[in-house]
2 protein chains.
Amino acid sequence: MAAEAGNEAREVAKLAELVVGGRASSRSELASLTGLPRSTVSRRVEHLLRIGLLVESGDGPSSGGRRPVLITINPAAGVVLSAYLGATHSRIAIADLSGQIEAEQSWKADIGDGPDRVLAGLVDRLLSLLDQHGRSPADVRAIGIGVPGPVEFATGTVVQPPIMPGWDGLAVPAILREHFHAPVLVDNDVNIMALGEYWFRGCHDEQLLFVKVGTGIGCGIITNGLVHRGADGAAGDIGHVRVAGHDDVICVCGNSSCLEAVASGSAIARQLAAEGLDVRYARDVVRLGQAGDPRVVRHVRVAGERIGEVLASMVNFYNPSQIVLGGSVAALRDDLLAGIRGVVYQRAVPLATRRLTIEACASGERAGVLGGAILAAQNALGPEQVARWLRAGTVSRMAR
Amino acid sequence: MAAEAGNEAREVAKLAELVVGGRASSRSELASLTGLPRSTVSRRVEHLLRIGLLVESGDGPSSGGRRPVLITINPAAGVVLSAYLGATHSRIAIADLSGQIEAEQSWKADIGDGPDRVLAGLVDRLLSLLDQHGRSPADVRAIGIGVPGPVEFATGTVVQPPIMPGWDGLAVPAILREHFHAPVLVDNDVNIMALGEYWFRGCHDEQLLFVKVGTGIGCGIITNGLVHRGADGAAGDIGHVRVAGHDDVICVCGNSSCLEAVASGSAIARQLAAEGLDVRYARDVVRLGQAGDPRVVRHVRVAGERIGEVLASMVNFYNPSQIVLGGSVAALRDDLLAGIRGVVYQRAVPLATRRLTIEACASGERAGVLGGAILAAQNALGPEQVARWLRAGTVSRMAR
């Protein structure tokens, strides 16, 4: 019986997803997309109308017979929240249950201030953004958060983050759930940026690597619309892959010759400072690079080549169809891309680069917040959540 | 209408897969596993009985009410064929539609003899194995083949294989289909070995990397029971990843310092020959290593460390839960594993190695042929194939 209830929730969740994702807008479209009998679809749709997730919205065009009754998502069914916590700035958004953003906000924030201060600030801003848009915490159906460090996705626990002092072992969902009674999904910032870019580009069935080059270096992996997180949620951590010829460079992780210690924005800043330039942060590198300083351009190009060496290995191993470059240093895209492309096309096996594209991020600084909204929306309409709504008999009154 | 027919085939294929995979043996189990209404399940099962894919096999135990009628796969529904073409030996098998092997055979064969001779020999042996076991080519529902080189999986075309002279651009399925009227799936040998080992181990929801160290070096990637092939079927080609400090070593691919040119069985053989030992092939290395020659042991250990460097990068990137070592040189497993483990645990990020196991292949020399059978079985019961059977009204008489 429990198994049957689970199956019903899966079926209902699938139907809801098709309507919310814009792929079906009537019972007959749902029946034809899922192969379910028309009677089953009608019963499930009644259920979704009754709990308030969907609403009927008038008649659609006739295709010969009776006009179909259109069904759409009920705006009153709620929203999802998204948060992107970067090393030096943060961004939040309210989105509908399909992940479409309705309002967003960004501000400067140092992740090094520690979890108490950063999360308190985040909660305040989320509450005030909700309030400004006529929504309350009770309207929130799921929250997607990206942080700049490794996360055990199943529990939302930050694990040994190199640039997040005080966050090690912290389960972020518990803190957010003091204020919101909704599932909280926490992921590495690069994973959600990858997800945001994938949806922004309208990808389907593609394999995308999102490479973030900023203060650090990381990579998000998307296969068939989902983040590949690996066994421990650690996938994509290319920043600590060893690059040849740099055994004297010690990384924050304790190993030597990590890609991040050689080719990240802060690594380039260190290299330039050693040459006597007044450069300290990744943003200084970007500023001087944009002004065309040839020393900076040379270092960025070399950093691109080092990143290209690591990506050539990943292209051989994973054979993605797209590599997208994001992060603050990607503002110097021409030099960075030239360095990366040169090495990837030289070093990777020919079959794996036949159709490979290597481009700059199209969704810009919004990649993370877009991805957090998609992650939250994917969860808000998941079978577990839908089963909970079916049991409660309503979307709006959550079981606390 | 066409879409509905496609959906029906998908639903029927799913039901068939559950019965063939041993997860359901009655209509009520199928209904509860799929969440489909009992009436739909009964209609679909009737269809599967009528075309001859399933048969009723008596009554099962009662769980209170009427005894359920058991349904199983119809042995008369046919078989799948599997072939593993290695660099120096080949192996074939007949399996039932669940991929369980019924008969197999192996023989020495040099892939360098070229496609005409190798494939003619393969077809002869497949036909005679079928004949010996009272089966005819008309009983074959799918064929899974692994070859030691890169393959474009969608077309079964071999692409620029380094150790398969004469095979470049060859579409293998066309040749097999002169003799068998069934789908022919061709994949890289390492991919099918990975699939075979995954099923042999009874894995579920795990992420397994199968690393083959023989004449060359390659890697198969399994996520959730399926091979990850990448955008061009080129995924897993770690043999041509660059390793540091070997710029003077030229690889067969035309690049320098590829892992395969430094740490494969033939690379170790070259290194030993340069030290004056009478060693030419990977098998010579294994023979001397098993006899305990300390020079061989040292070179194998160092090769393990080089392989470990590349795998540490892949662990950071992909975060698998299991790495399995196969191929002929894996016979020297203790030394090779020690080298690999030492470097992986030192170089990969701690989160990604928390639960990682690195072990020798458990399915041994049969990994490839087991995987070929699973690949063929996964396809034989796929929606496309099932749709064809539904149209023809029978499993046994294929549309030619």
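Start with the lining of the largest cavity, and colour it by residue class: eleven residues are nonpolar, six are polar and six are charged. Keep in mind as you go that this is a predicted model.

**Stop 1: the cavity**

Select the 23 residues that line the largest cavity, then centre the view on A:Arg242, A:Ser313, B:Arg242, B:Val243 and B:Ser313, which lie nearest its centre. Now show helix α10 (294–318) of chain A and α10 (294–318) of chain B, the elements that give two or more residues to this lining. The largest share, six residues, comes from α10(A). If you draw the cavity as a surface, expect about 340 Å³ of space. A search of the whole structure finds one cavity of 30 Å³ or more.

**Stop 2: the axis**

Next, display both chains as ribbons. What rotation superposes chain B on chain A? A turn of 180 degrees does it, with 0.0 Å of shift along the axis and an RMSD of 0.0 Å. That is the relation of a two-fold axis. To find the axis from the chain B side, pick B:Ala244: its C-alpha is 2.5 Å away, and no residue of chain B comes closer.

**Stop 3: the interface**

Select the residues in contact between the chains; you should get 56 from chain B and 56 from chain A. Of the interface residues of chain B, 100% are also interface residues in chain A, so the copies meet through the same surface. About 4500 Å² is buried between the two chains, and carbon and sulfur atoms give 51% of that area. For the residues of chain B that lose the most area to chain A, highlight B:Phe317, B:Arg347 and B:Leu351. Together they account for 18% of what the chain B side buries.

**Stop 4: salt bridges across and within chains**

Stay at the interface and turn on side chains. How many salt bridges does the rule find across the interface of chain B and chain A? There are six. For a salt bridge between the chains, zoom in on A:Arg354 and B:Glu152, whose side chains meet with an N to O distance of 3.1 Å.

Over all chains, the structure holds 40 salt bridges. For a pair inside chain A, select A:Arg91 and A:Glu104, where the closest N and O atoms are 3.0 Å apart. This pair links distant parts of the chain, 13 residues apart: A:Arg91 sits in strand β4 (residues 89–95) and A:Glu104 in strand β5 (residues 101–108). Show both strands of chain A together to see the link.

Methods:
Residues are numbered from 1 along each chain as its sequence is written. Chains are lettered from A and ligands numbered from 1 in the order in which they are written. This is a predicted model: local features need pLDDT of at least 70, side-chain atom pairs count only at pLDDT 80 or more; totals for chains, interfaces and linings use all residues. Side-chain values use heavy atoms; hydrogens and water are left out. On a 1 Å grid over the protein atoms alone, a cavity is a set of points where a 1.4 Å probe fits but cannot get out, and a pocket is an open set with protein on both sides within 12 Å along at least five of seven lines; lining residues have an atom within 4 Å of a point. Grid points are joined across faces, edges and corners, and a volume is the space filled by probe spheres set on the points. Helices (H or I, at least four residues) and strands (E, at least two) are DSSP runs, numbered from the N terminus. Ala, Val, Leu, Ile, Met, Phe, Trp, Tyr, Cys and Pro count as nonpolar, Asp, Glu, Lys and Arg as charged, and the others, Gly among them, as polar. Copies are superposed by least squares on the C-alpha atoms of residues with pLDDT of at least 70 in both. Contact means heavy atoms within 4.5 Å. Buried area is the accessible area (1.4 Å probe) that two parts lose on being put together, summed over both. A salt bridge is a side-chain nitrogen of Lys or Arg within 4 Å of a carboxyl oxygen of Asp or Glu.
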